[in-house]
Amino acid sequence: MTYLDEIKRCNPALDPWETEQLLLQLITLDVRCILEIGTHEGGSMALWKSILKPELIVTVDSGEWCGRSTYGVHFLTRSRSQNPRCQQRVRELLRGRTVDFLFIDGGHTYPEVLEDWRAYSSLVRPGGLVVFHDIQNTHPDCEVWRRWQELRDGPSYETSEIIGSGTGFGLVYV
């Protein structure tokens, strides 16, 4: 099965092949609840909603996002994911639910990525998935790779990578 047409329609700021490979893994999970850190223009969020059909998406972005508003999606705009008030608001919106799929694509400095992991990975259920975007990004201000290497090379988690011609995904199996 191919998801390339839907990827093109939703137009996420993600490499199409890498995104399709990620979707092929995600559809094997029972994804009912998604937490997305870094919504940007909403293309990836629209794609998750279209293909995975979750009951709830909570999405956080520091920008003043004016994207698609749909039922079952809670938007926290102008919110820094590392801010304790934002973290508390995410927990309130989840109402005790665990997250099946956590997508981390917000701040790209090492401290931001580390704090997003620390603040939100504990919300992911056993058997769920945490995905980091930009693990291969070579821009000097992007340090996602540092946290990714720590997780990938450490003893605590099973991990895998999806790397094509884009900046890659790092997958952590909880």
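These are my notebook entries on a helix, an arginine and several salt bridges that I looked up in this predicted model.

**Entry 1: helix H3**

I began with helix H3, which covers residues 43-52, and I found that 9 of its 10 residues are buried, so the helix is largely enclosed by the rest of the structure. The buried residues of H3 include Trp-48, Ile-51 and Leu-52. I then asked what the buried residues of H3 pack against. Their partners are two helices, H1 (4-10) and H2 (16-26), together with the strands E1 (33-37), E2 (56-60), E3 (73-76) and E4 (99-104). Just after H3 comes Lys-53, and I noted that its phi is positive, near 50°.

**Entry 2: Arg-147**

Next I turned to Arg-147, which I located in helix H6, residues 144-153. Is Arg-147 buried or exposed? Its relative accessibility is 12%, and because buried means under 20%, Arg-147 counts as buried. I looked for a polar partner and found that the side chain of Arg-147 makes a polar contact with the side chain of Glu-150, at 2.7 Å. Setting aside its neighbours within four places in sequence, I listed the residues in contact with Arg-147 as Tyr-110, Val-113, Leu-114, Trp-117 and Phe-132.

**Entry 3: salt bridges**

My search of the whole structure gave 10 salt bridges, and I followed up several of them.

One of these joins Glu-112 and Arg-80, whose side chains meet at 2.4 Å, taken from N to O. This pair links distant parts of the chain, since Glu-112 belongs to helix H5 (residues 110-120) while Arg-80 sits in the loop between E3 and helix H4 (84-94), 32 residues apart. I checked the accessibility of each partner: Glu-112 is buried at 17%, whereas Arg-80 is partly exposed at 42%.

Another salt bridge is formed by Asp-30 with Arg-32, where the closest N and O atoms are 3.0 Å apart. Asp-30 is partly exposed at 44% relative accessibility, and Arg-32 is also partly exposed, with a relative accessible area of 42%.

I ended with Asp-153, which forms a salt bridge with Arg-152, their closest N and O atoms being 2.9 Å apart. Which residues are joined with this pair into one network? Salt bridges that share partners connect Arg-152, Asp-153 and Glu-161. For the accessibility of the pair, I recorded that Asp-153 is exposed at 56%, while Arg-152 is partly exposed at 32%.

Terms used: Residues numbered from 1 in each chain as written. Predicted model: local features only at pLDDT ≥ 70, side-chain atom pairs only at ≥ 80, totals over all residues. Heavy atoms only, no water. Helix = DSSP H or I, 4+ residues; strand = E, 2+ residues; numbered from the N terminus. Buried < 20%, exposed > 50% of the residue type's maximum accessible area, 1.4 Å probe, protein only. Polar contact = N/O pair within 3.5 Å; in protein donor to acceptor, adjacent residues only side chain to side chain. Contact = heavy atoms within 4.5 Å. Salt bridge = Lys/Arg side-chain N within 4 Å of Asp/Glu carboxyl O.
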